[in-house]
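The exercises below are meant to be worked through with the structure in view. Each begins with a task sentence and continues with a solution that goes step by step.

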Amino acid sequence: MLSIKEKFLRDGYVIIDVLSAAEIAAFREVMDVLLSPKSAAGDTKKHSSSFQHLGDEIADFGKEARQYYFHLLTKPGTESIHHAFHHPAILKAVEEIIGPNLIVNNASILAANVGTAYSLGWHRDIIQIPQPEIEDWLFSPERFHNSVQINLPLVDENSLWVVPASHNRGNTAGENEAFAGSKHYAPVGAVMPGGIPVMLKAGQAVLYNNNLIHRGFTEVMKLPRRTLHMGYHSAQYPPTWHFYLLNGDLLTPQYLETLSPDMKRMMEEYLACRQQYPEMSDTWKYAYNFPEKKS
C-alpha cells in the first residue's frame, strides 16, 4: 500500500480522513455562527466567480447566488475557527509530504448556498507569475514544491476537479488546446482531457500540489458548500509564490495578541519567514529553485 507521500507525489493529490462526526458537528456550528446560513440571495441568476485571491467580506455572505471565499487569519472575529488550521491529523500528513516546521500561509472558507452554480476555469495556481515567465521547469519533478494546499469539507462535496499527475510535467497538446493560449486560466466551460471530480465525504481532506491542473465546478449545488481551505509550507526550505497570499501588514502586534498561542506562534513564524524571503518574484527564478545549478 502506498504511503500518503507516495500517493501525493504520484498523483499530485491524496485524500485522507481527518474529522470525527463530533468534530464535523462542532465546526459546522462555529461556521454557521460566522456565516449566517439563513441568508438568502435576492436573485437566482448565475454569477461569475469572483477573483478569489482578493477575498470576500463575511457580512456579504448570501447576498448573491455564488460561491464566497473568505480569508480568515487576517480577519478579526474569525478566531473561533482557527484551530482547524493546526489540526493534528492535517499537520501530520503535511509534514509527511514536505517536511517539518510547518508554517500556515492560507486559511480560508469556501462557502455557497444550495442552488448555487459554481464554475472556475481550469488552472494551475500560478496566477502570481507573469505569463511570459512561466516555464515548464517549474513543473519538473526535480524541483521540490514546498507547498501543500488542502480542502476540508464539512458537507459532502465534489466541487474540486483535477487532472491527476499533471503537477510534475508541462501541458500536453490537448491541455494547451483547452487553455486556448493562456497560461493562467482556461475559458470557463473548457473541456480538459483527463479531468475528474474529487469526491469527498464530510470530514475528509484532499491535499494537493498547487501545480496540479484543477478547477472548481458544480452544476447546481444540492447541498451547501462549507469547506475549510488551507495551505502550508515547511520552514526547512525556501517558500514558493503561494506563501505570499497572506497580507502580512494586517498581522499587527495588537492583532497577534488576540490569537490562540498556537496560531500566534504560526503567524509570528510566517512573519519571520516573510522577512527572510521578502521578494515573491524571486520564487519562480531558476537560480532560486536550483541554487546548485548554473542557469
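**Exercise 1.** Find the salt bridge in which the side chains of Arg225 and Glu157 meet, and describe where its two partners lie.

*Solution.* Begin with the contact itself: the side chains of Arg225 and Glu157 form a salt bridge at 2.9 Å, N to O, where the term stands for a side-chain nitrogen of Lys or Arg within 4 Å of a carboxyl oxygen of Asp or Glu. Next, place the partners: Arg225 belongs to strand 10, whereas Glu157 sits in the loop between strand 5 and strand 6 (160-162), so the pair ties together parts that are 68 residues apart in sequence. Strands here are DSSP runs of E with at least two residues, helices are runs of H or I with at least four, and both are numbered from the N terminus. Finally, check the surroundings: both Arg225 and Glu157 are buried, a word that means under 20% relative accessible area, while exposed means over 50% and partly exposed lies in between (1.4 Å probe, protein chains only).

Before going on, keep in mind that this is a predicted model, in which local features need pLDDT of at least 70 and side-chain atom pairs count only at pLDDT 80 or more, while totals for chains, interfaces and linings use all residues. Residues are numbered from 1 along each chain as its sequence is written, and side-chain values use heavy atoms, with hydrogens and water left out.

**Exercise 2.** Look at the side chains of Arg265 and Glu269, and then at those of Asp282 and Lys285, and describe each salt bridge.

*Solution.* A search of the whole structure finds 12 salt bridges. In one of them the side chains of Arg265 and Glu269 meet at 3.5 Å, N to O, and these two residues both lie in helix 6, 4 residues apart, about one turn of the helix. Arg265 is partly exposed at 38% relative accessibility, and Glu269 is partly exposed as well, with a relative accessible area of 30%. The side chains of Asp282 and Lys285 meet at 3.1 Å, N to O; Asp282 counts as partly exposed at 27% relative accessibility, and Lys285 counts as partly exposed at 43%. There is also a network, in which salt bridges that share partners join Asp56, Glu64 and Arg66.

**Exercise 3.** In what order do the strands of the 6-stranded open sheet stand, and which helices lie against it?

*Solution.* First, read the order, which is 1-8-5-10-3-2 with antiparallel pairing; two strands pair if DSSP finds at least two bridges between them. At the edges stand strand 1 (13-17) and strand 2 (68-71), each with a single partner strand, so one side of each is left without a neighbour in the sheet. Neighbouring strands of this sheet are turned by 25° against each other on average, direction ignored. Next, look at one pairing more carefully: strand 2 is joined to strand 3 (residues 102-112) by 4 bridges, and the two run antiparallel, with Tyr69 having Leu110 in strand 3 as its bridge partner. Then turn to the helices: helix 6 (residues 261-276) packs on the sheet and touches strand 3 and strand 10 (225-234), its direction making about 115° with that of strand 3. Helix 1 (residues 4-11) lies across strand 1, strand 5 (148-153) and strand 8 (204-208), and runs at about 145° to strand 1. Contact here means heavy atoms within 4.5 Å, and the axes are lines fitted to C-alpha atoms, for helices over the stretch in contact, with angles from 0 to 180 degrees between N-to-C directions.

**Exercise 4.** Describe the open sheet that 4 strands form, and follow strand 4 within it.

*Solution.* The order of this sheet is 4-9-6-7, and the pairing is antiparallel. Its edge strands are strand 4 and strand 7 (196-197), each of which pairs on one side only. Strand 4 is joined to strand 9 (residues 214-218) by 4 bridges, and the two run antiparallel. Along this pairing, Ser119 has Phe217 in strand 9 as its bridge partner, and His123 stands opposite His214. As for the surroundings, 5 of the 6 residues of strand 4 (residues 118-123) are buried, so this strand is largely enclosed by the rest of the structure.
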